[in-house]
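I opened the file to see how the strands, helices and cores are arranged. My notes follow in the order I looked things up.

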Amino acid sequence: MSDIIILGIESSCDDTSASVLRNNVMLSNVTANQTVHELYGGVVPELASRAHQQNIIPVVHEAIKQAGIDKKELTAIAFTRGPGLLGSLLVGASFAKGFAQALNIPLLEVNHLQAHVLAHFISEGTSDESHPEFPFLCLLVSGGNSQIVLAKAINLMEVIGQTIDDAAGEAFDKCAKVIGLPYPGGPHIDKLAKNGNSKAFVFNKPQIAGYNYSFSGLKTSFLYLLRDQEKENPNFIQENMCDLCASLQSTIIDVLMVKLRKAATDYNIKQIAVAGGVSANSELRKAFNEHAQKYGWTVYIPPFTFTTDNAAMIAVTGYFKYLNQDFCSLSEVPFARVTKTF
Ligand code: KG4
């Protein structure tokens with residue numbers, strides 16, 4: 001069979017990304033981040049869609065150029081259909097439809113969360129790559145989602161647990177905001193926590209049934225501690241910044257790992273992956289490696305480029321869909337909400 005060359009387009013939140021893959025091998029992956037949101041401490045949906053409009057053509061152009069191909073060589077175009085911000089998704093979806101029609105090639109719609117899991121199957125063309133074996137569990141932790149996904153096959157995934165309120169990344173970002181750190185706060189907390197004592201402060205941990213998560217109580221517990229301590233000492237935050245970050249981070253990771261361990265035991269699965277922006281967290285990566293030692297897990301931790309939103313994961317999912325001839329029509333519209341299976 002001749003090579004399949006897929007252009008992937010990702011625009012679900014605040015990153016405009018385009019990537020070209022030859023089969024599952026990445027040829028390019030270009031992302032334009034939107035800094036405009038830093039001013040507001042969170043993503044502003046209308047500003048995100050406007051920035052996607054400005055970025056989409058240059059980003060796609062650059063991805064095709066860096067791949068060293070001509071656009072006429074593309075076999076198909078894959079785009080993120082959802083979940084995400086509707087206005088942002090519409091930009092990527094509309095562009096993909098127009099481009100696919102102009103080139104007269106098939107269109108592939110991709111679920112963003114399935115793509116985060118399948119990011120583990122992107123090849124960078126090196127010889128030391130390993131990919132998870134089915135069935136495996138994937139802890140999917142980002143700014144908008146916290147889920148445990150049971151991946152039974154490339155095209156058969158079930159969400160067995162998910163947050164009932166805030167996502168793990170949201171907990172990092174919202175707590176970071178109240179102690180004066182810039183958005184997104186997760187990486188700043190990670191950095192400051194390296195010089196802090198993770199046992200300095202104790203925060204409430206959720207008591208939720210099954211494999212579901214909850215982070216809103218932890219956020220409130222964090223806020224109450226600050227409120228009470230600042231009454232006694234107005235400089236409390238500045239004087240305890242690193243300890244606050246370390247204690248918060250270790251609580252979030254502990255909450256994530258307890259449920260993941262439970263799922264691994266109940267389903268008797270030892271192939272365990274992690275995906276999403278929060279998987280860049282150094283302590284979460286450490287926890288994965290410690291669990292591998294202690295519980296005999298084989299863990300799959302993505303390279304940093306594939307942790308956050310990127311179009312290579314959309315293109316690789318599109319590639320697998322292409323192999324199944326799972327095309328979509330021009331009438332498919334984006335969806336904002338999370339689904340239970342994908
Ligand atoms: O998957 P992602 O890039 O996109 C969205 O879901 O929007 O995830 C972004 C999230 C943010 O909440 C950010 O704070 C978090 O990932 N994040 C981190 C780290 N790097 C990114 N959280 C903790 N530690 C990190 N090193």
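I started with Ile9 and looked for its bridge partner in β2, which is Ala18. The model I am reading is a predicted one. Strands β1 (residues 5–10) and β2 (residues 15–22) run antiparallel, and six bridges join them.

Next I traced the sheet around this pair. I found an open sheet of five strands in the order β3-β2-β1-β4-β5, with mixed pairing. At its edges are β3 (25–33) and β5 (107–111), and each of these pairs on one side only. I noted an average turn of 20 degrees between neighbouring strands of this sheet, direction ignored.

Then I checked which helices lie across these strands. Helix α1 (residues 45–67) lies across β1, β2 and β3, and runs at about 25 degrees to β2. Helix α2 (residues 86–103) lies across β1, β4 (76–82) and β5, and its angle to β4 is about 160 degrees.

I moved on to another sheet. This one is also open, with five strands in the order β8-β7-β6-β9-β10 and mixed pairing. The edge strands here are β8 (156–162) and β10 (298–300), each paired on one side only. Neighbouring strands in this sheet are turned against each other by 25 degrees on average, direction ignored.

I looked at β6 in more detail. Which way do β6 and β7 run, parallel or antiparallel? They run antiparallel and are joined by six bridges. A hairpin of four residues connects β6 to β7. Val141 has Ser146 in β7 as its bridge partner, and Leu139 stands opposite Ile148 in β7. With β9, in contrast, β6 runs parallel, and four bridges join the two. One bridge I looked up there pairs Cys138 with Ala273 in β9.

I recalled that side chains in a regular strand alternate between the two faces of the sheet. For that reason I checked both sides of β6, and both are covered. Phe136, Cys138 and Leu140 are buried on one side, and Leu137, Leu139 and Val141 are buried on the other. In total, six of the six residues of β6 are buried.

I then asked which residues touch the most other members of the largest nonpolar core. They are Leu139 and Leu284, in a core of 49 residues. Several elements supply at least two residues each, including β6 (136–141), β7 (146–153), α7 (236–267), β9 (271–275) and α8 (282–295). The most comes from α7, which gives 15 residues. There is another core apart from this one, with 36 residues, among them Leu21, Val149, Ala273 and Ala315.

I went back to α7 and found that it lies across β6, β7, β8 and β9, at about 165 degrees to β6. I also listed contacts of Leu139 beyond its neighbours within four places in sequence. They include Ile148, Leu256, Leu260, Ala273, Leu284 and Phe288.

My last entry is about the ligand. Of the 19 residues around the ligand, Gly143, Asp173, Asp190, Gly277 and Asn281 come nearest. I looked up three distances from an oxygen atom of the ligand to a polar backbone atom. The distance is 3.2 Å for Gly186, 3.5 Å for Val278 and 3.4 Å for Asp309.

Key. Residues numbered from 1 in each chain as written. Predicted model: local features only at pLDDT ≥ 70, side-chain atom pairs only at ≥ 80, totals over all residues. Heavy atoms only, no water. Core = buried A, V, L, I, M, F, W, Y, C linked by side-chain atoms within 4.5 Å. Buried < 20%, exposed > 50% of the residue type's maximum accessible area, 1.4 Å probe, protein only. Contact = heavy atoms within 4.5 Å. Pairing = 2+ DSSP bridges. Axes fitted to C-alpha atoms, helices over the stretch in contact; angles between N-to-C directions. Near = heavy atom within 4 Å. Polar contact = N/O pair within 3.5 Å; in protein donor to acceptor, adjacent residues only side chain to side chain.
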